[in-house]
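Trainee: I have a model open and would like to reason through its labels with you.
Mentor: Happy to help; let's take them one at a time.

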Amino acid sequence: MDKQRTVKTGRTINWWKWAFIVLLAAIILATGVIINRVTAPAPAPAITQKAAVGDTSMTVELNRHQVNALAANYLNRFLKDQQVKYTFIVGQQYATLAGDTKFLGAKIRFALNFIPERQPDGNVLLRARGLSIGRLNIPVKIVMGYIAKNYNVPKWVKINAKKKTILLDLNQYSAKRSLKYSAEEINMAKGRFKFLITVPAN
């Protein structure tokens with residue numbers, strides 16, 4: 001009995017063997033973790049919205065001479081191939097539309113005076129204040145009606161003979177252009193005209 005107990009208690013544990021097994025298991029576990037991380041899909045990058053770029057605007061101030069130069073340049077191009085010519089001139093007190101009309105079969109030179117007014121929407125309204133046509137006494141409505149029917153005017157220029165007004169619709173003029181225009185100030189007494197020019201972001 002003592003001999004058998006000695007045999008059982010005399011068995012020694014192979015520590016090197018167990019150390020190798022533990023090391024091998026650790027290596028396998030570490031390898032699995034690395035492989036899992038390498039093969040996992042990369043996290044989606046955070047999406048940042050682009051900063052909204054606003055419209056760019058600038059104010060342009062013109063004097064009478066500059067306004068008249070722009071008007072003449074525009075009308076020269078617009079009426080290039082037209083037989084009927086007319087002019088638009090900004091003076092000390094009035095903005096004057098001058099051209100030719102027919103009255104009782106006679107061709108007559110006229111000058112129709114307006115007072116320009118800035119509208120809240122940035123457009124310009126011309127209110128008729130007088131008509132210079134020699135010694136003839138022709139109603140303003142008749143002359144404006146003739147202009148509306150016989151003159152080639154831009155689509156953004158709207159003539160209302162009954163109200164004796166002409167609307168310069170800058171909103172419509174800007175609709176199909178890369179720049180947008182609106183009136184900020186019209187001061188006939190000081191000869192100062194300010195316009196806001198906007199460059200849309202898109």
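Trainee: How much space lies in the largest pocket?
Mentor: About 950 Å³, in what is a predicted model.

Trainee: Which residues lie nearest the centre of that pocket?
Mentor: L70, A71, W156, L168 and L170 do, out of 33 lining residues. Helix α3 gives the most to the lining, seven residues.

Trainee: How does the lining divide into nonpolar, polar and charged residues?
Mentor: There are 31 nonpolar residues, one polar and one charged.

Trainee: Why is D169 with K158 called a salt bridge?
Mentor: The cut-off is 4 Å between a Lys or Arg side-chain nitrogen and an Asp or Glu carboxyl oxygen. The closest N and O atoms of D169 and K158 are 3.1 Å apart, so the pair qualifies. The two sit 11 residues apart, D169 in the loop between β7 and α5 and K158 in strand β6.

Trainee: What makes D169 count as buried?
Mentor: Its relative accessibility is 9%, and buried means under 20%, so D169 meets the cut-off. K158, at 38%, is partly exposed, because that class runs between 20% and 50%.

Trainee: How do you know that R109 and D100 form a salt bridge?
Mentor: Their side chains meet at 3.4 Å, N to O, and the limit is 4 Å, so this pair passes too. R109 has a relative accessible area of 48% and is partly exposed; D100 is also partly exposed, at 23%.

Trainee: What links E185, R192 and K194?
Mentor: A network of salt bridges. Within it, E185 and K194 meet at 3.8 Å, N to O, which is inside the 4 Å limit.

Terms used: Residues numbered from 1 in each chain as written. Predicted model: local features only at pLDDT ≥ 70, side-chain atom pairs only at ≥ 80, totals over all residues. Heavy atoms only, no water. 1 Å grid on protein atoms, 1.4 Å probe; cavity = no way out; pocket = protein on both sides within 12 Å on 5 of 7 lines; lining within 4 Å. Points joined across faces, edges and corners; volume = space filled by probe spheres on them. Helix = DSSP H or I, 4+ residues; strand = E, 2+ residues; numbered from the N terminus. Nonpolar A, V, L, I, M, F, W, Y, C, P; charged D, E, K, R; others polar. Buried < 20%, exposed > 50% of the residue type's maximum accessible area, 1.4 Å probe, protein only.
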